[in-house]
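User: I would like to learn how to read helix packing, sheets and chain contacts in a model. Can we go feature by feature?

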Protein chains: 2
Amino acid sequence: MKDQKDGAQDKNGLLRNVHIFDSTLRDGAQGEGISFSVQDKLHIVRALDELGVAFIEAGNPGSNPKDLEFFEEVKKIELSNSHLVAFGSTRRKDIDASSDQNLRSLLAAGTEYVCIFGKTWDFHVTEILRSTLVENLAMIRDTVAFLVGEGRTVFYDAEHYFDAFRSNPGYAMETLRAAAEGGASALVLCDTNGGTLPDDIQLMTEKVVAEFGIPVGIHCHNDTGMAVASSILAVKGGAVQVQGTMLGFGERTGNANLSTIIANLELKMHIPCIPAGRVADLTPVARRIAEIANINLEGGMPFVGHNAFAHKAGMHIDAVTKNSTAYEHVPPDAVGNERTFLMSEVAGRSMIIEKIRKFDPNIKKDTPLAAQIVARVKELEHEGYQFEGAEGSFELLVRKNMGKYKPFFDLHYYKIIGEQPIDDVTCTAFAQVKIGVEGEMAITAGEGDGPVHALDCALRKGLERFYPGVRQIRLTDFKVRVLDSRSATAAKVRVLIESTDGEEVWTTVGVSSDLIEASWLALVDSFEYKLITDVEKRFRAYL
Amino acid sequence: MKDQKDGAQDKNGLLRNVHIFDSTLRDGAQGEGISFSVQDKLHIVRALDELGVAFIEAGNPGSNPKDLEFFEEVKKIELSNSHLVAFGSTRRKDIDASSDQNLRSLLAAGTEYVCIFGKTWDFHVTEILRSTLVENLAMIRDTVAFLVGEGRTVFYDAEHYFDAFRSNPGYAMETLRAAAEGGASALVLCDTNGGTLPDDIQLMTEKVVAEFGIPVGIHCHNDTGMAVASSILAVKGGAVQVQGTMLGFGERTGNANLSTIIANLELKMHIPCIPAGRVADLTPVARRIAEIANINLEGGMPFVGHNAFAHKAGMHIDAVTKNSTAYEHVPPDAVGNERTFLMSEVAGRSMIIEKIRKFDPNIKKDTPLAAQIVARVKELEHEGYQFEGAEGSFELLVRKNMGKYKPFFDLHYYKIIGEQPIDDVTCTAFAQVKIGVEGEMAITAGEGDGPVHALDCALRKGLERFYPGVRQIRLTDFKVRVLDSRSATAAKVRVLIESTDGEEVWTTVGVSSDLIEASWLALVDSFEYKLITDVEKRFRAYL
C-alpha cells in the first residue's frame, strides 16, 4: 500500500491501520439529486486522492457505458495516495465467468483493484435472483477466482450480510467462504438495508474476523441514523476497511459518512486511516466535493459543517472564550474547520487580517481596516454573497477597501435580448455593452448560447482593444444557486464563475434577484481580477 | 404517568418503557437559524402532545422573560399525553436557593416538572463557574431540595457527565449523589460536548444505573455523528429517559434526533416510548414541526425524510417490486412515510409501466408503449433532463406518448429584454409573449425581477383570459443546475420549477444551453400540467 503508515494501538490494544474506501462516485451517485458528469468525477478523484483515502470506487463499468469512458479518462491522472476500484456483481447465473459481459467490461476498466458484490441472504438468492443456493455459491467463487486469475486484487462485498446472518447464519458464512476460496483479499460485510443496530454489527463482525484469516471490511447505510456508529463499532470488532461516501451521499438515507468516520478514527480513537497530517484537510475537501456535486453541505454536519463549531448560547460563548474545551470536543482547526459565534462580530476577522497582510505585511491585528472589511463582508453576506469559493471577488473587495484598486472600465449600460424561435439556430441571445475605458467609449455586441454567454462575448470585445490580456481569459466553470428558492422566479440567485488564463485559476461571485445581473457581476469581477493581477505582475517585473 | 402503557421486554430481557423528553423548544432553539415565536411554540407543543412524548421541555423562564410569557399561554392548552417541563440551572454560588431570582422565575412557570442542570466536571466548576467543588455540591443539593419542597418533580441534568467522569470519576459521582439527596426523580447524563463514543456512553450509563436507585436519563449531542446510537446504547445500558429534539435541532451539530430514536425504540427494539399506534404519526408530525420551524426537512433523514424510502438503482426497484423487504428495513407506512421510486438512467422499466397504469389500468407489461417511453426518457436524459423530482413533466411525457394530451396553446414567439442600468428600479427585465389559443392570438407583456419572472408574468396574462385556472398557479420553488459546468457560460442548464394551486404540488423541468429557454420549458410544462389536470377533474365530475 502506498499509504501504509506506522500503526497505532486502538483501544483494544490492537496495532493496526484502517483503510478508507470511498464510494461517492458509485454508491453515492444513487443519492437523490446526485448526477455526476465525467468532469465532476475527475475533480472528485483528485480531491479524494489529496485527502488520501486508500480506495476510490469509481463506477460500475458493466452496468453503465459512461463509466467505462470515465475509466479511460481517469488513467491520465497521476494519483499520489489512492487506488481506483471498479465495481461489479458476480457473474450471471448458469454461465461461465469468462463469458460474462459485465465481468469483461470490469476488466476493461483496467484497475488493479476490483470490488464484487454477491448475494448472502438466502431469501434474496431464491426470491430476487431466482436461482439456487448452490449456484449462488458457485457464482461467488467463480467470479472472484476469474478476476484473481486475471491479475486483479478482489474485495468481496457481501450484500445484506447482517440480515442474511440473522436469517440463515450457516449459509451466510458459506458465501463468505466461497469468496475466500476464490481468492478475495477482503470480505466486506454490508448492512445493505441499513436496519441493523450498531452493537449487533460489532458482534457479527467479530464472528467473521474470528472465522477467516482475511481482512474484514464494513459497509453501512444510514436507515437507523447510526451508520457512523455501526462503522466505528465494526472497527472495534476488528474491521480494517471502512466503506462509505465522503458526505454521506447514497440511496434512501445515504451511506456512512466518511468525513465523520475519518475524524472519529483519527482524532477520537487515534487509529490512522489517511496520511499523517491530512485530517486538517478534511473540511476544505468536504466542501469542495459538495461544491462539485452542487449540493449545500449541511451546516450541522459533524466536524466539517459550517456550524459544527458554531456557538450561540451566551453562556457557551463566554465559556469557550475562557477555555475552548468547555464546549468543544476537538479543536476546530484539527479538521480544518473554524469556530464561529453566531450573531457576533468576531467571525471571520482573522481570515480577513490574513488577506490584508497579502497587500500590506505590516498591518496590525487591531487595524480599523479589518473591522471595516468585516462589516462590509457581513453586509454582503446578508445580501446572499458567499466568499468561500469566491476568492477572486474577496481579494477585490479587500483591495477596494484598502484603496489598492482602480476600476479598469465603467459600465454605461448593457442590454440583452433573448428570443424564441429565431432563424439563426446557433444562437438564442444577443447582447450589447457600452463601457468607458481611459476616456474612450466602446460599444460592442455579442451573441451566444443564452444571455450570459452573449454578454461575455460583448464585454470581451469591448475590453480587448485596451487590454489584450483579456483574450487569455477562459471561463471554466459557471454555477447558479437559487437562494431562498421559495420565492420562485423572483428569488435571489448567486452565480459563481471560475476563470483561468492558463496560469492561474480564480473564482468570482455575483448576487441579484436577476439572474443576468448576478452573472454580469461575477463576470466583471473575473475580468477585473485578471486585469489587476496583470498590472501587478508587470509592476513587479520592473522592480 | 398519563402515558404509561404495558411494558415490553427489551433485548436484555428487561420489562420497561422509555420516556421521551423533547427539548426542541429549549435546546433546539440554540440551533443556527432557529427562532420560535410564542405561536410557533404553542403549535409545536400541540404536535408533540399528539405524537405522545412524555415530556416537553418548553423553555428557560429564568434566563428568558419571553419564555415566562409563553408558560402563561401554554396553560390554556389541554394536553392529552405530555407533561410540560421548565428548565433552569442550579442556584448562583454563595446565596440561598430561596433568594435566587432564576429559581423564583422557574417556580412562576407553574409546571409540575422541572429540569435543573448543574456542573459535574471539576474543571468547569473551578475554571468556568469559578467556584469550589464543595460549593458546587451544595448548589446542586440545595436547588433540587428547594424545588422538591415547593412541590415540583425534579429531573437533574448532569452537564458534561461523561467528560467529567473521565476527568474525575469520584467527583462526578458525588454531584449525582447531591442531586439524589436533594430528592431528584431522575439523573440525566449529558454528553454536552458530544464527544463521547457510544460504547463508552453505554458503560458509563451502566455504572450510574448500578449505583443509584433512581431512574437514569441520557442527553446526547451529535458532534461525533453518533448521538442516536449513543442514546440507543444508553437505553441498552439501562437509561429510561431519552432527551433530544424531534428533528435533531440544536447548537453546533445538533441534539440527538428523537424522530429517529422513537422509530428505533418502537420498531427495531420493541420498547414502547409513545402511546400505542402513534409511531405511524411520526412522519406527519416531523414534517409539521419542520414547517413551523420554517426549515427544509432533510430528504435523507432516517424514517421521516422524503427520500428515506426512495429507491433509485434499477436493481433495487425491481427487487422492491418483487418483495419490499429486499431493500427496506421497515415498511414505510409503519412510520407514516411512503415508498418512492426516483427516475434515473439506471431506473428500470417497471416504474414507467406503473405510471402508464395511472392512465390505462389495463396496460400489459410488454406493451411497446413502455419501450417507446423508455427510449424517449433515455434520449432526454442524454440531453440533460432528469425526471427525478420532476414528476409533472414526466407525467406530461407519458401522456404525450400515449396520445392522451392536446396542447393548450402554441408559442409563436417570446422575447425578453434585460437592461442595466434602468430607470425603473423595481424591475430589470421585460418580456413579450405571443401565443395562439383556440384559434385566437394573444400578445402580452410582463415585467419582473429578471427575465424568468417577466416571462412568467407575460405568459400568465396571455393564458388567463382563456383559462382562468392559471390564476391559481403559484410557483413555490425554482432551482437551477448547470450541467457540465466546465463549458462555463455556454454550458447546458437544467431548471426545475415547483408549483402549486393550493391543492396539489407538481414539479417540472426544462433543459437548454440558454438559461431563459430552459426556464421557459419548465414554466410551460407547469402551466400545461395544471390545465390538463383541471380538464380531467371537470371531466370526472360529469361521470
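User: How do H1(B) and H11(B) run relative to each other, roughly parallel or roughly antiparallel?

Analyst: Start from the angle between the axes. This is a predicted model, so every value is computed from predicted coordinates. Helix H1 (residues 38-51) of chain B and helix H11 (residues 282-293) of chain B have axes that cross at roughly 175°. Angles over 145 count as roughly antiparallel. H1(B) and H11(B) are therefore roughly antiparallel to each other. Their axes come within 10 Å.

User: Which residues in H1(B) and H11(B) meet?

Analyst: List each side in turn. H1(B) brings Asp40(B), His43(B), Ile44(B), Ala47(B), Glu50(B) and Leu51(B). H11(B) answers with Leu282(B), Val285(B), Arg288(B), Ile289(B) and Ile292(B). Then sort by class: the contact of H1(B) with H11(B) has seven nonpolar, one polar and three charged residues.

User: Now sheets. What is the order of the strands in the open sheet of six strands?

Analyst: Read a sheet from one edge to the other. Here the order is E15(A)-E14(A)-E13(A)-E13(B)-E14(B)-E15(B), and the pairing is antiparallel. Strand E15 (440-448) of chain A and strand E15 (440-448) of chain B stand at the edges. Each has a single partner strand, so one side of each is left without a neighbour in the sheet. From one strand to the next, the twist averages 10°.

User: How many bridges join E13(A) to E13(B)?

Analyst: Seven, and these two strands run antiparallel. For a landmark on that pairing, take Tyr414(A), which stands opposite Gln420(B) in E13(B).

User: And within chain A, how many bridges join strand E13 to strand E14?

Analyst: Eight bridges join E13 (residues 410-420) of chain A to E14 (residues 429-437) of chain A, again antiparallel. Lys415(A) is placed opposite Gln432(A) in E14(A).

User: What lies across these strands?

Analyst: Helix H16 (residues 451-464) of chain A does. It lies across E13, E14 and E15 of chain A together with strand E13 (410-420) of chain B. H16 runs at about 145° to E15(A).

User: How many residues does the contact take from chain A and from chain B?

Analyst: Count both sides separately. Chain A gives 94 residues and chain B gives 95 residues. Next, ask which element contributes. E13(A) supplies the largest share of the side of chain A that touches chain B, with eight residues. Finally, look at class. That side of chain A divides into 36 nonpolar, 37 polar and 21 charged residues.

User: Let us turn to domains. How is chain A divided?

Analyst: Into domain 1 (15-293), domain 2 (309-343) and domain 3 (410-541). A distance between centres helps to place a pair. For domain 1 and domain 2 of chain A, 35 Å separate the centres, taken over C-alpha atoms. Their contact takes eight residues from domain 1 and six residues from domain 2.

User: Which elements give two or more residues to the side of domain 1 of chain A that touches domain 2 of chain A?

Analyst: Helix H10 (258-268) and helix H11 (282-293) of chain A. H11(A) gives the most, with three residues. By class, this side of domain 1 has six nonpolar, one polar and one charged residues.

User: One last strand. Is E16 of chain A mostly covered or mostly open?

Analyst: Count its buried residues. Strand E16 (residues 474-482) of chain A is mostly covered, with seven of its nine residues buried. Eight bridges join E16(A) to strand E17 (residues 493-500) of chain A, and the two run antiparallel. Asp477(A) stands opposite Glu498(A) in E17(A).

Notes:
Residues are numbered from 1 along each chain as its sequence is written. Chains are lettered from A and ligands numbered from 1 in the order in which they are written. This is a predicted model: local features need pLDDT of at least 70, side-chain atom pairs count only at pLDDT 80 or more; totals for chains, interfaces and linings use all residues. Two strands pair if DSSP finds at least two bridges between them. Helices (H or I, at least four residues) and strands (E, at least two) are DSSP runs, numbered from the N terminus. Axes are lines fitted to C-alpha atoms, for helices over the stretch in contact, and angles run from 0 to 180 degrees between N-to-C directions. Two residues are in contact if their C-beta atoms, placed from the backbone, lie within 7 Å. Domain bounds come from an automatic or database domain assignment. Ala, Val, Leu, Ile, Met, Phe, Trp, Tyr, Cys and Pro count as nonpolar, Asp, Glu, Lys and Arg as charged, and the others, Gly among them, as polar. Angles under 35 degrees count as roughly parallel, over 145 as roughly antiparallel, 65 to 115 as roughly perpendicular and the rest as oblique. A residue is buried if 20 or more other C-beta atoms lie within 10 Å of its own, exposed if 12 or fewer, and partly exposed in between; C-beta atoms are placed from the backbone.
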